[in-house]
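Notebook open, coffee within reach. I went through this structure element by element and jotted down what I looked up.

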Amino acid sequence: MKIGVDGRKIPGAANHTPLEILDHAKALGMEGVYFRTVLDITPTLDRGVLREVRRHADALGLYLQMGLAKVNPYAAAEAPEVRVLGEGDYTRGIVRLMEACREGADCGELWAACGNYKPNLPGYYANDRFRTDAPWPDQLAAIEKFLHQLAPAARDLDVHINIETHEEITTNEVVRLVESVGPDVLGITLDTANVLARGEDPVAAARRAAPYVRATHLRDSVLAITDFGLARSFSPCGLGVIDWDGVLGALWEHSPDLWASIEPAAPTMQMPIGLSDDAWSALHPDLDPDEVAALFRLARDYDARAQRGEVPTIEEFRAQPYDGEDFIRRSAEHLRSALVRVERRAVPAQG
């Protein structure tokens, strides 16, 4: 299992070319780069640019992954560039993104997501799951239909559309999408911090998703108990509440050669997880009481560690200056240590 980094979130990405991002990742000791979308590399889907990026990644010994866009028809208007590429047809635009990834960069494991996070909206409404003009079940039905429309092109191109466990969707829902459309064309990008936002225990979520996980966004989180339930703040892997031996062990069981990409993120956002809010819970029909109890236990355990001085309190952590490179290095060190333990358990010493 190789450890890489998200190419959009690596420090300085906005001011660097894709080739410079690859160089930066290599200098940080990463083994690959996961560009969120092919449009981050070339907005015009220039095959020459994509071939150059592929050659450079290969020369550096880095894995290369990239992705598409949102696959939620209710969010299509938020990505007009895709519709432009499809000459007015959003579906055709997504197919052209898939063609560029395969034909230009020979990439077949392609990121996608089902919603956008909108920090300018208050509380739960920042999340597409809580739209009042488009109920979430209607969005899911539209997403499933759209993915069925994309499936023939994905099969022809031999690619997987790997849906992220983004803030708006649960692992149960993503698994159902994969099984409906077919694991030959759909997979999962497991974001370990986002499953917390949907009231899921990360180890249980990883076990549910593991048979279909083909890419990752790895990051930890600190949880704080609130009046409405919990609040989540991103942290480097190993600092927060996630049991990485458990998560990586679940993934290793199904995909020991998985490419695991760190997604660095500042702790500036405290996403509300309304586990004590009836209105929030009503929009989570798959919520598991045992997993809810596990999350509160993780939050209490972290607070106890903070009181003993083993980790910063959530207030102290959020007050620290954010250092993206430190986030990546600390995460990689912790993940590699956990992988050593996972591998030792998975492959007992011969004697």
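**Entry 1: the loop before α2**

Leaving aside neighbours within four places in sequence, which residues is threonine 42 in contact with? I looked it up and got Val49 and Leu50. A reminder to myself before going on: this is a predicted model.

Threonine 42 sits in the loop between β2 (32-34) and α2 (47-60). I have it down as buried, since its relative accessible area is 4%. Leucine 45 belongs to the loop between β2 and α2 as well. Its relative accessible area is 7%, so leucine 45 also goes down as buried. What caught my eye there was the backbone: leucine 45 has a positive phi of about 60 degrees and is not a glycine.

I noted glutamate 87 for a similar reason. Its phi is positive, about 55 degrees, and glutamate 87 is not a glycine either. I found it in the loop between α3 (80-85) and α4 (90-105). Buried or exposed, this glutamate 87? Exposed, with a relative accessible area of 62%.

**Entry 2: β4 and its partners**

Next I turned to strand β4, residues 109-113. It is mostly covered, with 4 of its 5 residues buried. On one pairing I have strand β3 (residues 63-70), which runs parallel to β4 over 3 bridges. The bridge partner of methionine 66 in β4 is leucine 110. The other pairing I checked is with strand β5 (residues 160-164), again in the parallel sense, over 4 bridges. There, alanine 112 stands opposite isoleucine 163 of β5.

I also traced the connection. β4, helix α5 (residues 136-157) and β5 together make a β-α-β unit, and it is right-handed.

**Entry 3: glutamate 164, a charge without a salt bridge**

Glutamate 164 is a residue of strand β5. It is buried and still has no salt bridge. How far away is the nearest side chain of opposite charge? That is arginine 36, at 4.6 Å. With the salt-bridge cut-off set at 4 Å, the distance to arginine 36 rules the pair out.

So what does the side chain of glutamate 164 make a polar contact with? I found the side chain of tryptophan 111, at 2.8 Å. Another polar contact, of 3.2 Å, joins glutamate 164 to the side chain of asparagine 194. Beyond four places in sequence, glutamate 164 touches a list of residues, including Trp111, Ala112, Ala113, Asp191, Asn194 and His217.

**Entry 4: salt bridges**

How many salt bridges does the count come to? I get 26. I picked a few to write up.

Aspartate 106 pairs with arginine 102, with 2.8 Å between the closest N and O atoms. Aspartate 128 and lysine 118 meet at 2.5 Å, N to O. Both aspartate 128 and lysine 118 lie in the loop between β4 and α5, so their salt bridge ties together parts that are 10 residues apart in sequence. I checked burial too: aspartate 128 is buried, and lysine 118 likewise.

Then glutamate 167 with arginine 232, whose closest N and O atoms are 3.5 Å apart. Why does this pair tie together parts that are 65 residues apart in sequence? Because glutamate 167 lies in the loop between β5 and α6 (171-181), while arginine 232 lies in strand β9 (residues 230-235). Glutamate 167 counts as buried at 6% relative accessibility. Arginine 232 is buried as well, with a relative accessible area of 0%. I also wrote down a network: salt bridges that share partners join Asp6, Lys9, Arg36, Asp191, Arg219 and Glu263.

**Entry 5: aspartate 277**

Last on my list was aspartate 277, in the loop between β11 (271-273) and α10 (278-282). Its relative accessible area is 23%, so I logged it as partly exposed. Its side chain reaches the backbone nitrogen of alanine 279 at 2.9 Å. Setting aside neighbours within four places in sequence, I found aspartate 277 in contact with Tyr124 and Phe228.

I also took a distance back to where I started. Where does valine 49 stand relative to aspartate 277? The two are 228 residues apart in sequence and 49 Å apart in space, C-alpha to C-alpha.

Conventions: Residues numbered from 1 in each chain as written. Predicted model: local features only at pLDDT ≥ 70, side-chain atom pairs only at ≥ 80, totals over all residues. Heavy atoms only, no water. Buried < 20%, exposed > 50% of the residue type's maximum accessible area, 1.4 Å probe, protein only. Helix = DSSP H or I, 4+ residues; strand = E, 2+ residues; numbered from the N terminus. Pairing = 2+ DSSP bridges. Right-handed = clockwise from strand over helix to strand, strands pointing away. Contact = heavy atoms within 4.5 Å. Polar contact = N/O pair within 3.5 Å; in protein donor to acceptor, adjacent residues only side chain to side chain. Lys, Arg positive; Asp, Glu negative; His and termini not counted.
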